[in-house]
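Colleague: I'm new to reading structures, and I'd like some help with the features on my screen. Could we go through them together?

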Amino acid sequence: MAKIGFIGIGKLGLDCAEVFATKHEVRGYDIYPRTSDSVKVCDIAELVKESDWIFIAVPTPHAEGYDGSVPSSHMEPRDFGHEAVIDAINKVNANATSPKKVVLISTVLPGTTRRKFITLLDPKHEFCYNPYLIAMGSVKWDMTNPEMVIIGTEDGSLTGVAGELIDLYKTIMDNDPRYEVGTWDECESIKIFYNTFISAKVGLVNMIQDFALKIGHIDVDVVTNALARSTMRIMGPKYMTAGMGDAGACHPRDNIALRWLAKEYKVGYDLFDTVMHAREIQAKNLAEFLINQADEHALPIVIHGKAYKPDVEYCIGSYSTLVGHYVKEAGYKVNYLDPLADDPEDVISTLSGPVVVLWAHNRKITYEYTGNQEDTKPYAKIPNGSVIVDPWRKLTDSNDITVIHYGNTRT
Ligand SMILES: NC(=O)c1ccc[n+]([C@@H]2O[C@H](COP(=O)([O-])OP(=O)(O)OC[C@H]3O[C@@H](n4cnc5c(N)ncnc54)[C@H](O)[C@@H]3O)[C@@H](O)[C@H]2O)c1
């Protein structure tokens, strides 16, 4: 049994600490009160004293407006904030009386660890940069079934604590993942450019969706499914369904922050801006489609799902609110149906008459990879006479409700 401490037991850290607690003795410290059945929540002095491993999972926040839930490509690029990581490192230094194995999980842009953190950590401690490819709503499954575990060391070699960290992970894995070892800077890059590839992929399939709408006689799924099966030259089938844009607490904001990196290092172009700008225009196109339906049928607009995906409450980086932004900008009112949304503004729980609905959430498409095959049920009864715009093209017409498959212009 290893003795593990987690500094920062929020959305990511608490679930990850609880996964470790199934096999190990785990403590957690947070500046906000937190509770857990399996992790001992304690003060920082006890955590540092009693733990051999110290995982840091504190926030690296983006500035207000830089999460992707509203347009940001017109704004000045900015890096993430690093105060909480620096505070956590200082607390380890101040409380440790023996050498510790310190593992930083928090997302940072390439070059940050070497430039900003490592000089602060007392050299008696060992250090790894170990970012997670984990998503909200499936944190524990993702933690024990990762595609890869990313472990960064100073020179990129599998020395000392890196090998021990792999042995520690082997005690909790349900699958047999790849262990990718590189320099701190390479591992910062693996994590954040992984997200860029996903955002770019979603941006490309949604671009095909836009062309399907403009050209006609095209079902976007026929095109993207053929491309997804083209494994000789194009990658695997994940993120190959056109629909809502890339969203959430990580992907949009990571690309938005990478605009800062592109500028800082004067690379001469900004691919991240292009990807995020396309995402915004795709949202605007979808908003205009909703508005046209609303005008045609003289019905109000409702977005089914405000959180950035089903089964979570978080509206950070939500594509629903980005679409909603453009609906409002055009002078139309928008309401959201969502039983969980942590942003209660504009959220309703019932519908009193027919509406144009954007079917933003699709549970099966979001969580199918974890084995969850369940479809999203309506969050309220959809009144007869309503029009549902389904960007996932899965719903079927019923007698009194019209379903439009956004992205399929075959007659
Ligand atoms: N949430 C995700 O899906 C996810 C996935 C991969 C990576 N990440 C990264 O992990 C990091 C944490 O993300 P999160 O979603 O858990 O954030 P969060 O805000 O939900 O949790 C962070 C926790 O750290 C605590 N905290 C803040 N400052 C602290 C300090 N100085 N000392 C101790 N505790 C402190 C907060 O109270 C909070 O409970 C971020 O860098 C994020 O980018 C998150």
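Modeller: Sure, we'll go through the ligand, the aromatic rings and one histidine; keep in mind that this is a predicted model.

Colleague: Let's begin with the ligand. How many residues surround the ligand, and which are the closest?

Modeller: The shell around the ligand holds 27 residues, and the closest are Leu-12, Asp-30, Arg-34, Thr-60 and Asp-87. Sorted by class, that shell has 14 nonpolar, six polar and seven charged residues. You can also ask which element contributes: helix H3 (residues 83-95) gives the most, with three residues.

Colleague: Which atoms of Thr-60 and Lys-11 lie close to oxygen atoms of the ligand?

Modeller: For Thr-60, look at the side chain: one of its polar atoms lies 2.7 Å from a ligand oxygen. For Lys-11, look at the backbone instead, where an N or O atom lies 2.9 Å from an oxygen of the ligand. Thr-107 also uses a polar backbone atom, at 3.0 Å from a ligand oxygen. On its own, the ligand has 830 Å² of accessible area, and the protein covers 90% of that.

Colleague: Okay, now the rings. What describes a pair of aromatic rings?

Modeller: Two things: how far apart the centres are, and the angle between the planes. In this model the count comes to ten aromatic pairs. Take Phe-6 and Phe-20: their centres are 6.1 Å apart, with 45 degrees between the planes, so the pair is tilted, as an angle from 30 to 60 degrees is needed for that word. Phe-6 belongs to strand E1 (residues 3-7) and Phe-20 to helix H1 (residues 13-21), so this pair links distant parts of the chain, 14 residues apart.

Colleague: Are Phe-6 and Phe-20 buried or exposed?

Modeller: Phe-6 counts as buried because its relative accessibility is 0%. Phe-20 is buried too, with a relative accessible area of 0%. Both belong to one aromatic cluster, together with Trp-53, Phe-55, Tyr-132 and Tyr-169.

Colleague: Which charged residues lie over the rings of Tyr-66 and Phe-80?

Modeller: Arg-78 lies over the face of Tyr-66, 5.9 Å from the ring centre. Over the ring of Phe-80 you'll find the charged end of Arg-253, at 4.0 Å from the centre.

Colleague: And the histidine: where does His-361 lie?

Modeller: Look in the loop between strand E12 (356-359) and helix H12 (363-367). His-361 counts as buried because its relative accessibility is 2%. Its C-alpha is 8.5 Å from that of Met-244, though the two are 117 residues apart in sequence.

Definitions and conventions: Residues are numbered from 1 along each chain as its sequence is written. This is a predicted model: local features need pLDDT of at least 70, side-chain atom pairs count only at pLDDT 80 or more; totals for chains, interfaces and linings use all residues. Side-chain values use heavy atoms; hydrogens and water are left out. A residue is near a molecule or strand if one of its heavy atoms lies within 4 Å of it. A polar contact is a pair of N or O atoms within 3.5 Å; within protein, one must be able to donate a hydrogen and the other to accept it, and residues adjacent in sequence count only if both atoms are side-chain atoms. Accessible areas come from the Shrake-Rupley method with a 1.4 Å probe; for residues, only the protein chains shown count as cover. Helices (H or I, at least four residues) and strands (E, at least two) are DSSP runs, numbered from the N terminus. Ala, Val, Leu, Ile, Met, Phe, Trp, Tyr, Cys and Pro count as nonpolar, Asp, Glu, Lys and Arg as charged, and the others, Gly among them, as polar. Rings of Phe, Tyr and Trp (its six-membered ring) pair if their centres lie within 6.5 Å; planes under 30 degrees apart count as stacked, over 60 as edge-to-face and the rest as tilted. Buried means under 20% relative accessible area, exposed over 50%, partly exposed in between (1.4 Å probe, protein chains only). A charge sits over a ring if NZ of Lys or CZ of Arg is within 6 Å of the ring centre and within 35 degrees of the ring normal.
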